[in-house]
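Hi there,

Here is the structure I promised to pass along. Please open it alongside this email, and my notes will follow underneath.

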Amino acid sequence: MDICQLRSFVAVAEAGSYIKAADLLNTPQPTLSRQVRTLEVELRACLFHRHGRGVRLTDKGSNFLEYARSVLHTVDAAILSVRDSESVFTGQLVIGLTPSIGRILIPSLMPLLKSQFPLASIRLTEGLSGALYEKVLLGQLDFALVLSPASSPHLSIEPLATEQLYLIGPPTENSSDDILLKDAVNLPLILPHSNQWTRPAIETAAAKLGLNLRIELEIDSTASTTEIVSSGGGYSIMPGSLQQLKSYPALSWRKIVNPSLEATISMISSTRQPRSKLVQAAADIVKDTLNKMIQ
């Protein structure tokens, strides 16, 4: 039994799929399957039930999962203690940002992080909230800024700011007019897939009014969505802070009211992965930069 096998087992257990875990770990699926199978042989136990949509833990697999997580947590803490004793702000830092938050923060944040931590390897990666949420759980990101994440016993969630959501449309429309939620949901909407924050939140608000959303397209790309909306191909719903970006095409922005829709920007990190001094210092800089940009 080795650490790679334990990491592979935990990744598959949390992703519920060999394919998804292989993608998140950037490991070939056959390698991942072989590592888990070797672990099962050594334990003399079946850890997963296979089904058409992926895998689920057996009773023995569920029992072993927490022990595996504990071992990995101890190993990671030991590694960090040695590295931090040599140099506080060296190592790798990986931060996740949604496209809307990234467009606002990255131009100011990246130069600031590089100046503060010149010896560190820093990577900022963009993704929708659902994808970043999974990567934090799997330990692929040190922390991420996402919109209104679901609670989890394995995540530390720190709310940082609240954003009003707006209906975006082609630039020919009057941006000064608010729009009722009941009117917004009847327009041809372009929204992310249902496992992202925006869609279920809007669906819930609409359901309280007895309404259904009119979904024309599902697109998990903020940039592509804004291009289609600008050309008259539909409407979408996005955080109001994006209005300040000159890189976006011309759009109309109408505040959604009765009820208004809000998104909470939160910083999430894994409770199973200890924060190094580098990660903690970077998190403080990210929070300070966000507060200045959102004001």
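**Arg44 and the helix ends**

Let me start at a loop: Arg44 sits between α3 and β1 (48-51), outside both elements. Before going further, please keep in mind that this is a predicted model. The phi angle of Arg44 is near 55°, which is a positive value in a residue other than glycine. Is Arg44 buried or exposed? Its relative accessibility is 77%, so Arg44 counts as exposed.

Asn26 is worth a look alongside it. This residue belongs to the loop between α2 (18-25) and α3 (29-43), and its phi is likewise near 55°, positive although Asn26 is not a glycine. With a relative accessibility of 72%, Asn26 also counts as exposed, because the cut-off for that class is over 50%.

Also in this part of the chain, Cys4 is a residue of helix α1 (residues 3-15). Cys4 has a relative accessibility of 49%, so it counts as partly exposed; the exposed class begins only over 50%. Cys4 and Gln35 are 31 residues apart along the chain, and their C-alpha atoms are separated by 7.6 Å.

**The protein as a whole**

Stepping back, the protein has 295 residues, and 48% of them are buried. It contains 10 helices and 12 strands. The C-alpha trace spans about 65 × 50 × 30 Å along its principal axes. About 14,400 Å² of the protein is exposed, with carbon and sulfur atoms supplying 50% of that area.

Two further totals may interest you. Of the contacts with a separation of 6 or more, 75% are between residues 24 or more positions apart. There are 27 positive and 27 negative charges, and the mean positions of the two sets are 4 Å apart.

**Strand pairing**

Now to the strands, beginning with β3, which covers residues 91-97. Five of the seven residues in β3 are buried, so the strand is mostly covered. Which strands does β3 pair with? One is β4 (residues 120-126), in the parallel sense and over seven bridges. Within that pair, Val94 has Arg123 of β4 as its bridge partner. The other is β5 (residues 143-147), which runs parallel to β3 and is joined to it by three bridges. Here Ile95 stands opposite Phe143 of β5.

A helix comes into this arrangement too. Together, β3, helix α5 (residues 99-116) and β4 form a β-α-β unit, and the unit is right-handed.

From β5 the pairing can be followed on to β12. These two strands run antiparallel and are joined by four bridges, with Met267 in β12 as the bridge partner of Leu145. Strand β6 (residues 155-169) also runs antiparallel to β12, this time with nine bridges. On that side, Glu158 has Met267 in β12 as its bridge partner. Met267 is therefore a handy residue to centre the view on, as it is the bridge partner of Leu145 and of Glu158, under the criterion that strands pair with at least two bridges. Like β3, strand β12 is mostly covered: seven of its nine residues are buried.

While you are looking at the strands, one general point may help. In a regular strand, side chains alternate between the two faces of the sheet.

**Val257 and the cis peptide**

The last stop is the end of strand β11 (residues 252-257), where Val257 is placed. Is Val257 buried or exposed? Its relative accessible area is 18%, so Val257 counts as buried, the limit being under 20%. Leaving out residues up to four places away in sequence, Val257 touches Asp178, Ile179, Leu180 and Leu181. Ser17, by contrast, is 240 residues from Val257 in sequence and 40 Å from it in space, C-alpha to C-alpha.

Beyond Val257, please check the bond between Asn258 and Pro259. This is a cis peptide bond, with omega at about -5°. Pro259 itself is in the loop between β11 and β12 (262-270), so following the chain on from there leads you back to β12, the strand that pairs with β5 and β6.

Have fun with it, and do write back if anything catches your eye.

Best wishes

Terms used. Residues are numbered from 1 along each chain as its sequence is written. This is a predicted model: local features need pLDDT of at least 70, side-chain atom pairs count only at pLDDT 80 or more; totals for chains, interfaces and linings use all residues. Side-chain values use heavy atoms; hydrogens and water are left out. Buried means under 20% relative accessible area, exposed over 50%, partly exposed in between (1.4 Å probe, protein chains only). Contact means heavy atoms within 4.5 Å. Accessible areas come from the Shrake-Rupley method with a 1.4 Å probe; for residues, only the protein chains shown count as cover. Lys and Arg count as positive and Asp and Glu as negative; His and the chain ends are not counted. The place of a charge is taken as NZ of Lys, CZ of Arg, CG of Asp or CD of Glu. A crossover is right-handed if, with the strands pointing away from the viewer, the path from the first strand over the helix to the second runs clockwise.
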